[in-house]
Amino acid sequence: MNIEAVIGLEIHAQLNTKTKMFCRCKNDSFDAIPNTNVCPVCMGFPGQLPVLNKEALNLAIKAGIAFNLEILDEFKMDRKNYFYPDNPRGFQISQYDKPLSKNGYISLISNEDNTEQVVRINRIHIEDDAGKLTHFNDFSLIDFNRAGVPLIEIVSEPDIRSSEQAVLYAKEIQKILKYLNISDADMEKGMFRFDASISVRESGDNKLNKRAEIKNLNSFKFLSLALDYEFNRQKELYLNGELLEKELTLGFDETSFKTFFLRDKEQSYDYRYFPEPDIPNISIESKVIFEQKKNISKLPADKKKEYLSLGMSEEEATFISSNNKFVIYFDKILKETGDLKLCLNFFNNILIQYLKENFLDISEQKIKSENMIELINLVKKGVISTTQAKNDVFPVMFEDGLSASEVISKKAISQISDTDFIEKICKEIINQNTESVDLIKSGKDRVLGYLVGLVMKETKGKANPSMVSAILMKLINS
Ligand SMILES: [Zn+2]
């Protein structure tokens, strides 16, 4: 009997806004002292009125569009009532039966065999976060800075069949949220977390058996380990004829890598949902949706396809398409120079390496795309060699933010295009490498590159390589 996993994910992502969901407290409390970034609204004091954050709403709409959901004309906020120490109001403001958007999907390409699989997304709704509890042996501490932070919850249909697929799905969602600046989705800061539901059944069966929901997974590794552990546990029960009798809520122990029982799974009636009386139903005008659509450029998967069709390698296309800022910069320099090979060399091999070594983001460095375009065009025209550009010009541009031509005139760099001088060195190299010359004469053209390299070395990279190559051939054949 073949047993398969039936998995659905709820992903919580913190929206990239300046302020919290319903008040003017800052969204980002990363460096703040606990319980300092709070106000009467997010602390739930009596009589305070929440006001929905417009920017959070726009980002949530953008997410809905990106994942192919239908944005509903009207949505409403609801109170989800539960008592827990991290929840100062005694309820969360969330969405129940009229969410912001519903019925979308995302296509995943398998890492192993490149097959495409679609995971349907049931809904994306907005809500605010609770505070953060930290547990010690015999006491717990609470930090309300996170209370009221804006979240989207992305709820998938149970279309996922393995832990690998769950990770692939979650990573794709994370990539798109980051790419579109909807969420930083930084897992170390708790901005991207999962609840994973899993049940088992015989392969080919269509029914959904009772499931267990594993709460609060905060890394891809734990997501994968928790699902694997829970799958094996349920599979064994199933094979012994012991289906789950009721739905469970589980925790995951990050040291033993095992799931453990928390409570029977709460059903929606446990939360006593009712419409949030302090926020009216909100209609979304079509122009708002249109505005957000305009903000969505090509998504990473489409951009990658486009790059592959231009002739990039899988690795190059994946790397650039994974980051919207890279895409914008790269597309600009490629458009203006029209030289894919040089652009890849100067972007992937040179600029990105410098960024890594200096721990900089591309938006923090000094080489504007216009200056990069000029540098590449100077190489293309043969005014300077790639070696000169890389070793002499680029480092100064990176350091001082100067343009390529400013650096060249300041440092008196230019390529040697003096035919007589190059010819003299070529002759010397030919005399010192008679064996290589014989090989070239016998048709082994590739050896020519070796001789060009020797001439370039002799001129400290200042000779024009295509000129060197032509002169060498001329001398060898004469
Ligand atoms: Zn507040």
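Here is a chat between a colleague and a modeller about this predicted model.

Colleague: Let's start with the layout. Into which domains is the protein divided?
Modeller: This is a predicted model, so bear that in mind throughout. Going along the chain, the division gives domain 1 (3-290), domain 2 (297-411) and domain 3 (419-477).

Colleague: How many residues of domain 1 are in contact with domain 2?
Modeller: The centres of domain 1 and domain 2, taken over C-alpha atoms, are 38 Å apart. On the domain 2 side, five residues take part in the contact, and the number from domain 1 is five.

Colleague: Which helix gives the most to the side of domain 1 that touches domain 2?
Modeller: That side of domain 1 divides into four nonpolar residues, no polar ones and one charged. Three residues come from the top contributor, which is helix H2 (residues 163-179).

Colleague: Now the nine-strand sheet. Which strands stand at its edges?
Modeller: The sheet is open with mixed pairing, and its order is E2-E6-E7-E10-E1-E11-E12-E13-E14. An edge strand has a single partner, so one side is left without a neighbour in the sheet, and that applies to E2 and strand E14 (258-264).

Colleague: Which strands of that sheet does H2 touch?
Modeller: H2 packs on the sheet, and its direction makes about 20° with that of E1. The strands touched are E1, E6, strand E7 (116-128), strand E10 (150-156) and E11.

Colleague: Is strand E11 largely enclosed or left open by the rest of the structure, and why?
Modeller: E11 has partners on both flanks: strand E1 (residues 3-14) pairs with E11 in the antiparallel sense over eleven bridges, and four bridges join E11 to strand E12 (residues 212-217), also antiparallel. The count to look at is burial, where the cut-off is 20 or more other C-beta atoms within 10 Å. Eight of the eleven residues in E11 (residues 192-202) are buried, so the strand is largely enclosed.

Colleague: What is the bridge partner of Ala196 in E12?
Modeller: Take the E1 side of E11 to begin with: there Gly8 is bridged to Ser197. On the E12 side, Ala196 has as its bridge partner Ile214.

Colleague: And towards the E14 edge, which residue stands opposite Gly251?
Modeller: Strand E13 (residues 248-253) and E14 run antiparallel and share six bridges. Within E14, the residue facing Gly251 is Phe260.

Colleague: Which residues have the most contacts inside the largest nonpolar core?
Modeller: That core has 67 residues, and H2 gives the most to it, with eight. One of the two best-connected residues touches Leu15, Leu100, Ile124, Ile126 and Ile152, leaving out residues up to four places away in sequence, and that one is Ala60. The full pair is Ala60 and Ala196.

Colleague: How many residues are in the other core?
Modeller: Another core lies apart from the largest one. Tyr307, Phe346, Val393 and Ala404 are among its members, and the count is 29 residues.

Colleague: What about the three-strand sheet: which residue stands opposite Arg79?
Modeller: The order here is E5-E4-E15, open and antiparallel, and strand E5 (91-94) and strand E15 (274-275) are at the edges, each pairing on one side only. Strand E4 (residues 78-81) is joined to E5 by four bridges. In E5, the residue opposite Arg79 is Ile93.

Colleague: I'd like to check the backbone too. What is phi of Asn68?
Modeller: Most residues other than glycine have a negative phi. Asn68 is in the loop between helix H1 (54-66) and strand E2 (70-71), and it counts as partly exposed because 15 C-beta neighbours lie inside 10 Å. Its phi is positive, near 65°.

Colleague: And where is Asn103 found?
Modeller: Asn103 is not a glycine either, yet has a positive phi of about 60°. With 13 other C-beta atoms within 10 Å, Asn103 is partly exposed. Its place is in strand E6 (residues 101-109).

Colleague: Last one: is Lys335 buried or exposed?
Modeller: Lys335 is found in helix H7 (residues 324-337). Its C-alpha atom is 9.3 Å from that of Ile373, which is 38 residues away along the chain. Having 11 other C-beta atoms within 10 Å, Lys335 is exposed.

How values were computed:
Residues are numbered from 1 along each chain as its sequence is written. This is a predicted model: local features need pLDDT of at least 70, side-chain atom pairs count only at pLDDT 80 or more; totals for chains, interfaces and linings use all residues. Domain bounds come from an automatic or database domain assignment. Two residues are in contact if their C-beta atoms, placed from the backbone, lie within 7 Å. Helices (H or I, at least four residues) and strands (E, at least two) are DSSP runs, numbered from the N terminus. Ala, Val, Leu, Ile, Met, Phe, Trp, Tyr, Cys and Pro count as nonpolar, Asp, Glu, Lys and Arg as charged, and the others, Gly among them, as polar. A residue is buried if 20 or more other C-beta atoms lie within 10 Å of its own, exposed if 12 or fewer, and partly exposed in between; C-beta atoms are placed from the backbone. Two strands pair if DSSP finds at least two bridges between them. Axes are lines fitted to C-alpha atoms, for helices over the stretch in contact, and angles run from 0 to 180 degrees between N-to-C directions. A nonpolar core is a set of buried Ala, Val, Leu, Ile, Met, Phe, Trp, Tyr and Cys residues joined through C-beta atoms within 7 Å.
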